[in-house]
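Please open the model in your viewer with the backbone drawn as a cartoon, and keep a second representation ready for side chains. The tour below goes from one selection to the next and says what is to be found at each stop.

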Amino acid sequence: MAAPRLSFAALTIALAGAPPVQSGHADVLQVDIRPAGEAGRFDIGVTLRHGDSGWDHYANRWEVLAPDGTVLATRVLAHPHVDEQPFTRSLGGVRIPGEFTWVRVRAHDLVHGYGGREVTLSVPPRRPPTRRRSPRQDHIQRAADVIRLS
């Protein structure tokens, strides 16, 4: 038996009556946090999943929150990722104050706002501040190293 053939008009009417596809909330699937070059700063990569359907409904940002709910950083997502799911985007040099031992990452979409899966994770050990030496200090250090080797 052959499949029934629908005319363009019949197909348009059938689709117009169909309920819209629900994209749901934006979910955080994974977070990667690493100390950045400067003390107290971190590079953060976040993997999100959301049923982006176009410019009217897509995951438009993710945020890093302190334990008290203060937003420490926001990564704006400038366009929908309809054909790229899940996807990962990063933000570098995020300042996380030393008193915070953990942070929470949440995502936001244009229609539902917040409410999807969030990830809470520990802040890795902080790098000590790097001390910059003057050229004179470098020269003195090299001289001391030569003397020790002699």
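Two strands are taken to pair if DSSP finds at least two bridges between them. The model in front of you is a predicted one, and the pairing of its strands is a convenient place to begin.

**First stop: the three-stranded sheet**

Select residues 41-49, which make up strand 2, together with strand 1; the two pair in the antiparallel sense over eight bridges. If you want a single point of reference in this pairing, pick Asp32, whose bridge partner in strand 2 is Gly45. Now widen the selection to the open sheet of three strands, which has the order 1-2-5 and antiparallel pairing. Its edge strands are strand 1 (27-35) and strand 5 (87-95), each of which pairs on one side only. Looking across this sheet, you will find a twist that averages 20 degrees from one strand to the next.

**Second stop: the four-stranded sheet**

Next, display the open sheet of four strands, with the order 4-3-6-7 and, again, antiparallel pairing. Strand 4 and strand 7 stand at its edges with a single partner strand each, so one side of each is left without a neighbour in the sheet. Here too the twist averages 20 degrees from one strand to the next.

Colour strand 3 and follow its two neighbours in turn. Strand 3 and strand 6 pair in the antiparallel sense over six bridges, and Ala59 stands opposite Asp109 in strand 6. Towards the other neighbour, five bridges join strand 3 to strand 4 (residues 71-76), the two running antiparallel, with Val64 opposite Ala73 in strand 4. Strand 3 and strand 4 form a hairpin with five residues between them, and it is worth centring on Gly69 in the turn, which has a positive phi of about 95 degrees. If you then switch on a surface, strand 3 should appear mostly covered, since six of its seven residues are buried.

To finish with this sheet, move to strand 6 and strand 7, which pair in the antiparallel sense over four bridges; in strand 7, the bridge partner of Arg104 is Thr120.

**Third stop: the charged pairs**

Side chains of opposite charge can pair when their charged atoms come close. How many salt bridges does the count come to? The count comes to six salt bridges, and a few of them deserve a view of their own.

Show the side chains of Glu63 and Arg106, which form a salt bridge with the closest N and O atoms 2.8 Å apart. This pair links distant parts of the chain, with Glu63 in strand 3 (residues 59-65) and Arg106 in strand 6 (residues 102-109), 43 residues apart. Are these two residues buried or exposed? Both Glu63 and Arg106 are buried. Add Arg61 to the selection, and you have a network of salt bridges that links Arg61, Glu63 and Arg106.

Then return to Arg104, which forms a salt bridge with Glu118, the closest N and O atoms being 2.8 Å apart. Arg104 lies in strand 6 and Glu118 in the loop between strand 6 and strand 7 (119-122), so the pair ties together parts that are 14 residues apart in sequence. Arg104 is partly exposed, with a relative accessible area of 22%, and Glu118 is likewise partly exposed, at 33%.

A further salt bridge joins Arg89 and Glu84, with the closest N and O atoms 3.2 Å apart; Glu84 counts as partly exposed because its relative accessibility is 34%, and the partly exposed class runs from 20% to 50%.

**Fourth stop: a cis peptide bond**

Centre the view on Pro86, whose place is in the loop between strand 4 and strand 5. The peptide bond from Gln85 to Pro86 is cis, with omega near -15 degrees.

**Last stop: the nonpolar core**

In soluble globular proteins, nonpolar side chains tend to be buried together. The largest nonpolar core in this model has 24 residues, and those with the most contacts inside it are Ile44, Leu48 and Ile96. Strand 1, strand 2, strand 3, strand 5, strand 6 and strand 7 each supply at least two residues of this core, while the largest share, four residues, comes from strand 2.

End by selecting Ile96 and the residues around it: leaving aside residues up to four places away in sequence, Ile96 touches Ile33, Gly40, Phe42, Ile44, Leu72, Val103, Val123 and Arg126.

Definitions and conventions. Residues are numbered from 1 along each chain as its sequence is written. This is a predicted model: local features need pLDDT of at least 70, side-chain atom pairs count only at pLDDT 80 or more; totals for chains, interfaces and linings use all residues. Side-chain values use heavy atoms; hydrogens and water are left out. Axes are lines fitted to C-alpha atoms, for helices over the stretch in contact, and angles run from 0 to 180 degrees between N-to-C directions. A salt bridge is a side-chain nitrogen of Lys or Arg within 4 Å of a carboxyl oxygen of Asp or Glu. Buried means under 20% relative accessible area, exposed over 50%, partly exposed in between (1.4 Å probe, protein chains only). A nonpolar core is a set of buried Ala, Val, Leu, Ile, Met, Phe, Trp, Tyr and Cys residues joined through side-chain atoms within 4.5 Å. Contact means heavy atoms within 4.5 Å.
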